[in-house]
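Please open the structure in your viewer and keep the selection tool at hand, for this tour goes from one selection to the next. Take your time at each stop before moving on.

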Amino acid sequence: MAGVDTAASTLRTDLNYLLGEHQILAFKATGAALGGRTDQFDAYGELLNTNGTDLGAAIGSIYGQEAQDEWNRIWSAHNGFFVDYTTGVATGDQAMADKAVEDLTTIYVPEFTTFLVGATGLPEDAVTELVTDHVNHTKEVVDLQAAGDWAATYAGIRKAYSHISMIGDALAPAIAEGNEIEGDASSPAASFRTALNNFLQEHLFLASFATDAALDGRDDEFTAAGDALNANGTDLGAVIGDLYGTEAQDEWNRIWSAHNGFFVDYTTGVATDDMAMQDQAVEDLTTLYVPDFAAFLAGATGLQEDALTDLITEHVLTTKAVVDAQATDDAVAAAQADRTAAMHMRMLGDPLATAIVAALPDKFE
C-alpha cells in the first residue's frame with residue numbers, strides 16, 4: 001500500500017501527532033493563564049508535561065534512556081520558559097518576559113538543536129531555523145492572546161500548529177533512516193497519512209477551543225475559534241477533493257459543516273440549559289451526521305459501514321464528553337476529555353488513510 005502502514009510511516013505520524021498536541025496544549029495553557037482561569041491553566045499544564053514525557057519515551061524507545069532523559073530535561077525547560085514568558089506578559093513584567101525570551105533563544109534553541117543534530121545528522125542551520133521558528137510562532141500567539149485579538153490569535157494557532165509538523169516531517173525520515181526503521185517516512189502515502197491525522201487532530205482541538213469559549217461567554221473568541229474550525233473543515237474537504245474530485249469535496253463540506261453546526265447547537269443548549277435543544281442536537285448528530293458520514297466514507301474507501309459508524313459515533317460521544325465536562329467547570333476532567341477525544345481521531349484517521357491509499361494507489365506513486 002505504497003508505504004502507508006510501514007514502521008517509518010507510523011513513526012512520522014506518531015511524532016507529528018505528539019508535536020501537534022504539544023503546540024495546542026501549550027496554547028490552551030497560555031490562553032487560560034492570560035484569561036485568569038487558573039484551574040484550567042493547571043490542568044492543561046499537567047497535560048503539557050505528560051505530552052512531553054510521552055515524546056521523551058518515544059525518543060527513548062529508539063535512542064535509549066540517556067537520550068530520553070536529555071530530551072525530557074530540555075523539553076521541560078522550554079515549557080517552563082514559555083510559562084515564564086506568559087507570566088511576564090500577564091503581569092506586565094517586561095524584565096521577566098525578556099528573560100524568558102533570552103532563555104528560549106540562548107539556552108533552549110542551541111541545546112535542542114545540538115541534541116537533534118546529534119540524533120539525526122540533520123544540518124545544524126536547518127534545525128536551528130526550525131526550532132527558532134517554533135519559539136517565534138509560539139511567542140506570537142501568546143502576545144495575540146494577551147491583546148485579545150482573537151481572529152489573529154486563531155490564525156496564529158493554525159500557523160504554529162502547521163509549522164510544528166515541519167519539525168516532525170524533517171526528524172522522522174532522518175530517524176528512520178539512521179536507525180534502519182522499515183519503510184520510507186517521506187513517501188507520498190506516509191505524507192498523506194500524517195497530514196490527514198494532523199487535520200483531524202486540529203479539528204477536535206479547535207472544536208474544544210470554540211465550545212470552551214462559548215460556555216464561558218467569551219463570544220469574540222468563540223467566533224474566531226469557530227471560523228478557524230470552519231477553515232480546517234474546508235482544508236480537509238480540499239484534501240478529499242484533490243483525491244476524489246469536486247463532487248466529493250462538496251459532499252464532504254456539506255456533511256462536515258453540518259456536524260460542526262450540530263455541536264454548536266448542543267453547546268448552546270448546554271450553555272442555556274435548554275434540554276430540548278441538546279436532545280435535538282444529539283438526535284441530529286446520531287441520525288443525520290453519523291449515517292451520512294459513514295455512507296460517504298464507505299463509498300470512498302471500501303471500509304465497512306458498520307465499523308465506520310462505530311468510529312464516527314465514538315467521535316460524537318468523546319466530543320460531547322468534552323462539552324459536558326467543560327460545562328461543569330471541572331477543569332481537570334475537561335482537559336483530560338479533550339486529550340482523549342483528540343487522541344481518538346487517530347482511530348479514524350489511520351484506517352481512512354490506509355483505505356484511501358489502497359483505493360487510489362496511483363495517487364501515491
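Where is the place of Asp329? Select Asp329, keeping in mind that this is a predicted model, and you will find the residue in the loop between α11 and α12. With a relative accessibility of 67%, Asp329 counts as exposed, because the cut-off for that word is over 50%. If you also select Lys363, which comes 34 residues away along the chain, the C-alpha atoms of Asp329 and Lys363 turn out to be separated by 46 Å.

**The largest pocket**

Keep Asp329 selected and add Gln40, Asp212, Asp216 and Gln326, since these five lie nearest the centre of the largest pocket, which is lined by 16 residues. Two or more lining residues come from each of the elements α2 (38-63), α7 (188-215), α11 (305-327) and α12 (331-359), and the most come from α2, which gives four. The volume of this pocket is about 330 Å³, and its lining consists of six nonpolar, three polar and seven charged residues.

**Salt bridges**

Stay with Asp212 and now select Arg218 as well, because a salt bridge joins Asp212 and Arg218, with their closest N and O atoms 2.8 Å apart. Are these two residues buried or exposed? Both Asp212 and Arg218 are buried.

Next, select Arg158 and Asp235, another salt bridge, whose closest N and O atoms are 2.8 Å apart. Arg158 belongs to helix α6 (residues 150-178) and Asp235 to helix α8 (residues 219-244), so this pair ties together parts that are 77 residues apart in sequence. Arg158 counts as buried at 17% relative accessibility, while Asp235, with a relative accessible area of 29%, is partly exposed.

Then move to Asp292 and Arg254, whose side chains meet in a salt bridge at 3.4 Å, N to O. This pair links distant parts of the chain, for Asp292 sits in helix α10 (residues 275-301) and Arg254 in helix α9 (residues 246-272), 38 residues apart. Asp292 is partly exposed at 33% relative accessibility, and Arg254 is partly exposed too, with a relative accessible area of 43%. A further selection to make is Asp14, Arg193, Arg346 and Asp350, which are joined into one network by salt bridges that share partners. The count for the structure comes to 19 salt bridges.

**Helix α1**

Now select residues 7-34, which make up helix α1 and number 28. From the first C-alpha of α1 to its last the helix reaches 40 Å, close to the 40 Å expected at 1.5 Å a residue. The helix is mostly covered, as 23 of the 28 residues in α1 are buried. Just after α1, look for Gly36, which takes a positive phi of about 75 degrees.

**Aromatic pairs**

How many aromatic pairs does the structure hold? There are 12 aromatic pairs. Select Trp71 and Trp75, whose ring centres are 5.0 Å apart with planes at 20 degrees, so the pair is stacked. These two residues are four apart in helix α3 (residues 65-91), which means that about one helical turn separates Trp71 from Trp75. Trp71 is buried, with a relative accessible area of 1%, and Trp75 is likewise buried, at 3%. Add Tyr108, Phe112 and Phe115, and you have the one aromatic cluster that these residues form with Trp71 and Trp75.

Finally, select Tyr289 and Phe293, a stacked aromatic pair with 5.5 Å from centre to centre and 20 degrees between the planes. Both Tyr289 and Phe293 are buried.

Technical notes
Residues numbered from 1 in each chain as written. Predicted model: local features only at pLDDT ≥ 70, side-chain atom pairs only at ≥ 80, totals over all residues. Heavy atoms only, no water. 1 Å grid on protein atoms, 1.4 Å probe; cavity = no way out; pocket = protein on both sides within 12 Å on 5 of 7 lines; lining within 4 Å. Points joined across faces, edges and corners; volume = space filled by probe spheres on them. Nonpolar A, V, L, I, M, F, W, Y, C, P; charged D, E, K, R; others polar. Buried < 20%, exposed > 50% of the residue type's maximum accessible area, 1.4 Å probe, protein only. Salt bridge = Lys/Arg side-chain N within 4 Å of Asp/Glu carboxyl O. Expected span 1.5 Å × (residues − 1). Phe/Tyr/Trp six-rings, centres within 6.5 Å; stacked < 30°, edge-to-face > 60°.
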